Amino acid sequence: MEFLGMPTRPTAARRVSRRTAIKSLSLGTAGLSAGVFTSLSARPSLAANDTLQVACIGVANRAADNISGVSGVAGQTIVALCDIDDTYLDRLTKPTGEPGKQKPPRFADVRVYHDYRELIDKEAGKVDAVVVSTADHHHAPASIRAIRKGMHVYCEKPLAHTVAEARVLTDEAKKAGIATQMGTQIHASDNYRRVVEVIRSGAIGPVDEVHVWVGKNWGGGERPEGGEEPPKSLHWDLWLGPAPVRPFVPGRYHPAQWRRWWDFGNGTLGDMGCHYMDLPFWALDLGSPTACEAEGPPVHKETCPLGLVVRYDFPARGDMPAVKFTWYDGSMTPKEVKGQRVPGSGVMFVGRDGMMFADYTSYRLFPQEKFVGFQPPPQTIPKSIGHYAEWIQACREGTPTTCNFGYSGLLSEAVLLGSVAYRAGKRIEWDAAAVKVTNSPEADALVRKAYRSGWEVG
């Protein structure tokens with residue numbers, strides 16, 4: 001296979017002038033659908049020289065990367081931290097090392113919370129923006145509370161735990177006029193931009209088929225019996241939050257393993273769908289599917305599948321044809337797609353005049369002999385100023401972000417519909433305007449969920 005296009009890495013956040021940032025962000029949204037574009041701009045919340053006051057919900061693991069990403073952007077200060085695990089909070093807010101050789105904490109003067117509901121209530125009017133880096137089942141409860149207090153929101157992917165939650169966040173963020181960004185950091189990479197330009201240039205012709213696959217495996221297992229008292233440092237009831245009560249079992253839920261369980265995550269699809277499906281969504285201006293079906297092992301009421309195939313039908317958009325879109329993960333990841341041997345994760349665009357394989361850092365065109373000497377189209381989408389920098393700039397000045405909730409809400413809805421179809425065990429027909437499965441009351445019930453009192457979204 002001929003390698004076409006140099007590998008690239010995500011652009012690091014860097015300091016830029018106000019004029020450069022506005023120009024880059026405005027041009028960077030070129031080609032998004034009109035419906036999405038209208039929700040990109042946010043109201044500016046600060047005077048030119050004011051410092052953005054930021055609170056971070058979640059401080060370890062993925063959250064630690066987000067804290068570093070946001071901290072690396074000029075014009076903001078982290079003033080409050082929240083986590084359900086005192087061990088994680090202590091690493092950032094208390095001195096470390098041996099007595100007499102201690103290092104000062106990274107965040108010595110921040111306000112500390114265990115319950116983000118308390119943080120959002122008490123910090124309203126003082127905090128401008130919130131970073132949500134929790135397990136998936138907390139994404140919507142935390143984000144919606146912040147939105148309703150007028151705070152700008154950065155939230156990890158997927159945007160929500162259910163389809164209905166994603167729609168609520170999308171609608172209320174637009175109504176509030178706040179700056180939003182979902183944590184699909186790879187969206188800021190140079191390679192993704194070049195892939196979008198090549199696809200939209202017509203190099204492989206109109207695209208009517210897409211395959212996306214990820215070799216990760218989040219699923220399987222049985223619910224453990226019994227339980228034990230959680231460590232004193234862990235506020236277990238707050239970690240459960242909106243989910244049904246269950247005993248603490250070391251190593252089975254917190255940390256990291258929660259993605260395997262329907263009560264907290266959506267398996268590999270929920271973990272990686274927004275990253276890899278993002279590229280065809282952007283390049284092809286996809287929105288809501290009209291139908292979806294899935295196959296995998298027998299449905300388990302507690303845990304996600306070890307392998308999954310989801311098939312979506314997306315309608316025509318303007319002069320672009322309808323698209324047959326297939327997702328594969330875990331044990332059902334293909335070794336070959338459309339006659340080409342493929343690595344463990346990637347995207348294959350199938351056009352009427354050729355094909356393109358793409359991943360995070362590179363792309364290749366097929367058939368190889370047809371594209372010898374291929375020259376990519378001129379660059380039309382400028383380099384990102386950085387995924388976190390886009391959001392900080394938007395909070396300060398009202399400029400656009402490329403993964404705002406108007407765009408990422410639709411992407412998350414499609415991802416999460418795959419789980420609905422799989423758990424329902426049938427092909428589902430989707431009415432996006434009504435947020436409803438029209439052919440199955442059982443499947444429609446999976447579009448939303450019940451909450452423990454005090455954690456509702458809606």
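Which side chain meets lysine 122 in a salt bridge? The legends below start there, and they describe a predicted model.

**View 1. Lysine 122 and its partner in helix α5.**
The partner is glutamate 118: the two side chains meet in a salt bridge, with 2.8 Å from N to O. Both residues sit in helix α5, which covers residues 116–123, and they are 4 residues apart, so about one helical turn separates them. Glutamate 118 is partly exposed, at a relative accessible area of 34%.

**View 2. A salt bridge between lysine 94 and aspartate 90.**
Here the side chains come together at 3.5 Å, again counted from N to O. Lysine 94 is partly exposed, with 45% relative accessible area. Aspartate 90 also counts as partly exposed, at 30% relative accessibility.

**View 3. Arginine 448 with aspartate 444, and a salt-bridge network elsewhere in the list.**
Arginine 448 makes a salt bridge with aspartate 444, and their closest N and O atoms are 3.5 Å apart. Take a look at the accessibilities: arginine 448 is partly exposed at 37%, whereas aspartate 444 counts as buried at 11%. As for the network, Glu293, Asp313, Lys324, Arg427 and Glu429 are joined into one by salt bridges that share partners. Searching the whole structure turns up 30 salt bridges.

**View 4. An open, parallel sheet of 6 strands.**
Reading across the sheet, the order goes β3-β2-β1-β4-β5-β6, and the pairing is parallel. At the edges you'll find β3 (111–113) and β6 (180–182), each of which pairs on one side only. On average, neighbouring strands of this sheet are turned by 20° against each other, ignoring direction.

**View 5. Strands β1 and β2 side by side.**
Zoom in on the pair formed by β1 (residues 52–57) and β2 (residues 76–82): the two run parallel and are joined by 6 bridges. If you want a spot to start from, pick alanine 55, whose bridge partner in β2 is alanine 80. In general, the strands of a sheet pair through backbone hydrogen bonds, in either a parallel or an antiparallel way.

**View 6. Two helices lying across strands of the sheet.**
Helix α6 (residues 139–148) lies across three named strands, β1, β4 (129–132) and β5 (152–155). The angle between helix α6 and β5 is about 165°. Helix α13 (residues 405–424), for its part, lies across β5 and β6. Helix α13 runs at about 35° to β6.

Definitions and conventions:
Residues are numbered from 1 along each chain as its sequence is written. This is a predicted model: local features need pLDDT of at least 70, side-chain atom pairs count only at pLDDT 80 or more; totals for chains, interfaces and linings use all residues. Side-chain values use heavy atoms; hydrogens and water are left out. A salt bridge is a side-chain nitrogen of Lys or Arg within 4 Å of a carboxyl oxygen of Asp or Glu. Buried means under 20% relative accessible area, exposed over 50%, partly exposed in between (1.4 Å probe, protein chains only). Two strands pair if DSSP finds at least two bridges between them. Axes are lines fitted to C-alpha atoms, for helices over the stretch in contact, and angles run from 0 to 180 degrees between N-to-C directions. Contact means heavy atoms within 4.5 Å.
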